[in-house]
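Thanks for making the time this morning. I would like to walk through one structure with you, going from single positions to the chain as a whole, and I will try to keep to what the coordinates support.

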Amino acid sequence: MESPDIRGGDCSDAATFETAEKIILRWDSTTSEEAKENLIFQSDREEVDRYLQAVDEVQRLVSSVSISDNHHHEVKARSTIQIAMARLEDELRNILLSQTSTFEPDSLLLDSSASCFASRANLEDTETVTDDGDGNGEGEGEGGEEQQEEMNLVLTDGSDSNSGSGAGSSRLSRSRRSSCKSTSSIREIDLVSSEAVSDLRSIVQRMIGAGYSRECLQVYGNVRKSAMETIFKQLGIVKLGIGDVQRLDWEVVEVKIRRWIRAAKVCVRVVFASEKRLCEQIFDGLGEMEETCFMEIVKSSALQLFTFPEAISISRRSPEKLFKILDLHDALADLLPDMEEIFSSGLSESILVQATEIQSRLAEAARGTLVEFENAIFREPSVVPVPGGTIHPLTRYVMNYLNLIADYKQTLVELIMSQPCAGLKCTNDPVKPDMDLSELQGRTPLALHCIWTMVMLQFNLEGKSLHYKDEALSHIFIMNNVHYIVQKVKSSPELREIIGDLYLRRLTGIFRHAATKYQRATWVRVLNSLRDEGLHVSGSFSSGVSKSALRERFKAFNTMFEEVHRVQSTWSVPDAQLREELRISLSEHLIPAYRSFLGRFRGHIESGRHPENYLKYSVENLETAVLDFFEGYTTAPHLRRSQ
């Protein structure tokens with residue numbers, strides 16, 4: 001569709017207007033089928049330039065004195081401008097829609113730390129497989145699967161990272177992906193081509209110049225807002241109210257937190273940043289349109305993005321939530337510097353304020369959750385003794401929890417600012433745990449909270465030990481559990497630095513003292529049967545050893561040792577080194593005493609009747625039997641006798 005040329009400076013205003021009007025009317029889609037079926041900006045560039053020049057000329061004439069003096073010409077000119085603006089509005093919408101692209105994974109260009117806030121550990125000793133609540137189970141333990149999930153984050157449902165462009169979708173070209181720039185962590189990509197930016201700018205300049213800024217903003221905002229909503233869906237960010245989030249099972253929320261953190265990085269550093277850059281490219285120098293347009297596009301999406309962490313920050317506090325809350329807090333802390341750069345104007349500052357307030361609420365939630373964890377340890381009610389005096393599940397849980405706290409030390413040192421036990425109060429009340437803060441001067445509040453946690457754990461374990469009917473087993477229970485605490489602290493340099501060697505030495509003393517108390521409770525009575533007292537007799541005719549008393553001594557020793565072996569081979573000392581040290585210690589008392597007693601009195605028994613009933617065990621038999629102790633057997637093994 002050819003248009004007359006209005007280039008030629010010698011024409012009068014009336015002639016110029018008439019020529020420009022013809023060009024504009026030829027593209028009036030309300031009167032021309034050809035204009036309805038074609039688009040100006042899909043024509044050759046000369047036609048585009050002619051049309052834009054025609055709009056400029058009519059707008060110039062509308063503002064000129066010569067036209068304003070002639071009412072008829074003024075009405076006609078304004079009508080022509082109105083037709084032109086309607087056409088440019090359509091062209092603006094079409095260019096924006098044709099340039100709307102879907103992200104590919106390699107277009108994000110995010111730094112390799114994109115998933116560093118994924119759950120760093122689980123409270124269990126092994127990684128578990130979680131389900132996102134949508135019927136798709138996902139294991140986070142496999143590095144390849146985690147990386148694949150990263151890649152799939154920005155694909156629409158059902159698409160494949162190796163597939164080609166889908167029907168009706170316009171992918172970012174390789175040349176456009178390569179034209180990204182980086183400032184700090186921000187990765188700005190071209191949402192539309194540079195040619196389209198030039199065309200869009202030429203349109204919005206004329207619409208705003210003609211007083212059609214509201215229509216321009218509406219079209220631009222609606223199309224770009226829809227594009228952003230599509231991107232959010234691709235990233236898995238769906239509209240959830242605070243109540244919706246709080247009604248979800250925590251296992252489902254955990255998966256959503258991991259995804260939200262990765263998606264939020266993309267939203268802020270790529271999507272929002274690139275959207276702002278596009279607004280700057282198109283609306284720069286056109287008053288407040290740049291910021292107004294940007295806010296019109298991102299405000300509802302930003303509100304949708306931050307509703308999720310806000311819901312987490314005000315949800316019911318429970319210990320298992322602490323580390324995901326910290327993940328969210330750290331993710332926001334990581335994003336805030338970039339947000340300060342992106343939302344720097346007065347119009348967009350409210351989004352930055354909202355994110356900052358949510359981070360503060362997450363910090364408060366973390367502090368409250370830590371206190372809730374401490375109180376939960378104090379209140380843990382189980383009274384059924386664990387079989388064999390082994391390590392209690394509470395001990396494992398608490399120490400794994402403290403190891404995770406150590407992993408988050410950098411954050412928690414900043415967040416935890418007050419000393420512990422404000423709720424339970426540090427007193428000398430025998431029914432409450434106590435901690436002498438005077439011995440811990442100079443420790444950080446976080447360190448005091450960790451130590452206080454172990455104080456309450458130890459206090460709880462002492463209470464649980466009272467439910468064992470066998471006193472010796474209660475000491476084994478305390479020894480096992482406190483030793484486990486010590487080993488977990490030693491195995492984590494970060495936790496050991498927090499706790500400090502002073503308190504670690506105190507814990508070491510506690511489990512060693514428990515081992516000593518076990519030996520006294522078990523072996524003092526056994527070893528007393530190997531003493532000489534009461535065996536010697538003296539009379540008017542003879543003096544020597546009472547064989548009947550000696551037989552009773554051997555019989556008593558055999559009975560007691562058999563019972564100890566039967567019972568304590570079912571007890572458990574899980575730590576191999578501690579188990580060996582305990583066996584060596586009891587052997588150092590038992591074996592020499594038995595060897596000496598047997599050496600002094602064997603002859604007296606062997607010279608009497610049925611010596612095999614009393615000399616049942618050799619020293620070697622006892623040494624072998626000791627190896628059965630603390631193995632946690634279900635049934636005690638057979639005790640070998642002398643041949």
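**Helix H11 and its surroundings**

Let me start with Ala273, which has its place in helix H11. Please keep in mind throughout that this is a predicted model. Ala273 has a relative accessible area of 2%, and is therefore buried, since the cut-off for that class is under 20%. Leaving out residues up to four places away in sequence, Ala273 touches Ile186, Glu188, Val268 and Ile342. In addition, the C-alpha atoms of Ala273 and Met339 are 8.7 Å apart, although 66 residues separate the two in sequence.

Staying in helix H11, we come to Val253, which is also buried, at a relative accessible area of 2%. Which residues does Val253 touch, if we do not count those up to four places away in sequence? They are Val245, Leu248, Phe308 and Ile312. Between Val253 and Lys324, which lie 71 residues apart along the chain, the C-alpha separation is 9.2 Å.

That brings me to the core. The largest nonpolar core has 180 residues, and the members that touch the most others are Phe272, Phe283, Leu305 and Ile405. Helix H11, running over residues 250-283, gives the most to this core, contributing 18 residues. If we take Leu305 and set aside residues up to four places away in sequence, its contacts are Phe232, Ile237, Trp260, Ala264, Cys267, Val268 and Phe272. As general background, nonpolar side chains in soluble globular proteins tend to be buried together.

Now to a different part of the chain, and a charged side chain. Is Arg87, in helix H5 (residues 71-99), buried or exposed? With a relative accessible area of 4%, Arg87 is buried, and beyond residues up to four places away in sequence it touches Trp27, Ser29, Ala35, Asn38, Leu39, Ile40 and Tyr51.

Next, a helix pair. Helix H20 (residues 501-528) packs against helix H21 (residues 547-568) at an angle of about 155°, and their axes are 8 Å apart. Because that angle is over 145 degrees, H20 counts as roughly antiparallel to H21. By class, the contact of H20 with H21 has seven nonpolar, three polar and two charged residues. On the H20 side we find Tyr518, Thr522, Trp523, Arg525, Val526 and Asn528, and these meet Arg553, Phe557, Met560, Phe561, Val564 and Gln568 in H21.

Ser572 lies in the loop between H21 and helix H22, which covers 576-606. Its relative accessibility is 18%, so Ser572 counts as buried under the 20% cut-off. Apart from neighbours within four places in sequence, Ser572 is in contact with Gly388, Gly389, Thr390, Ile476, Asn480, Phe630 and Gly632.

Finally, the chain as a whole. Its secondary structure comes to 23 helices and eight strands, and of its 643 residues, 49% are buried. The exposed area is about 30,900 Å², of which carbon and sulfur atoms supply 49%. How many of the contacts between residues at least 6 apart in sequence join residues at least 24 apart? The share is 80%, and the pairing of Val253 with Lys324, 71 residues apart along the chain and 9.2 Å apart by C-alpha atoms, is a separation in sequence that I would ask you to look at on the screen.

Terms used:
Residues numbered from 1 in each chain as written. Predicted model: local features only at pLDDT ≥ 70, side-chain atom pairs only at ≥ 80, totals over all residues. Heavy atoms only, no water. Core = buried A, V, L, I, M, F, W, Y, C linked by side-chain atoms within 4.5 Å. Buried < 20%, exposed > 50% of the residue type's maximum accessible area, 1.4 Å probe, protein only. Helix = DSSP H or I, 4+ residues; strand = E, 2+ residues; numbered from the N terminus. Contact = heavy atoms within 4.5 Å. Areas by Shrake-Rupley, 256 points an atom, 1.4 Å probe, with all protein chains shown as cover. Axes fitted to C-alpha atoms, helices over the stretch in contact; angles between N-to-C directions. Parallel < 35°, antiparallel > 145°, perpendicular 65-115°, else oblique. Nonpolar A, V, L, I, M, F, W, Y, C, P; charged D, E, K, R; others polar.
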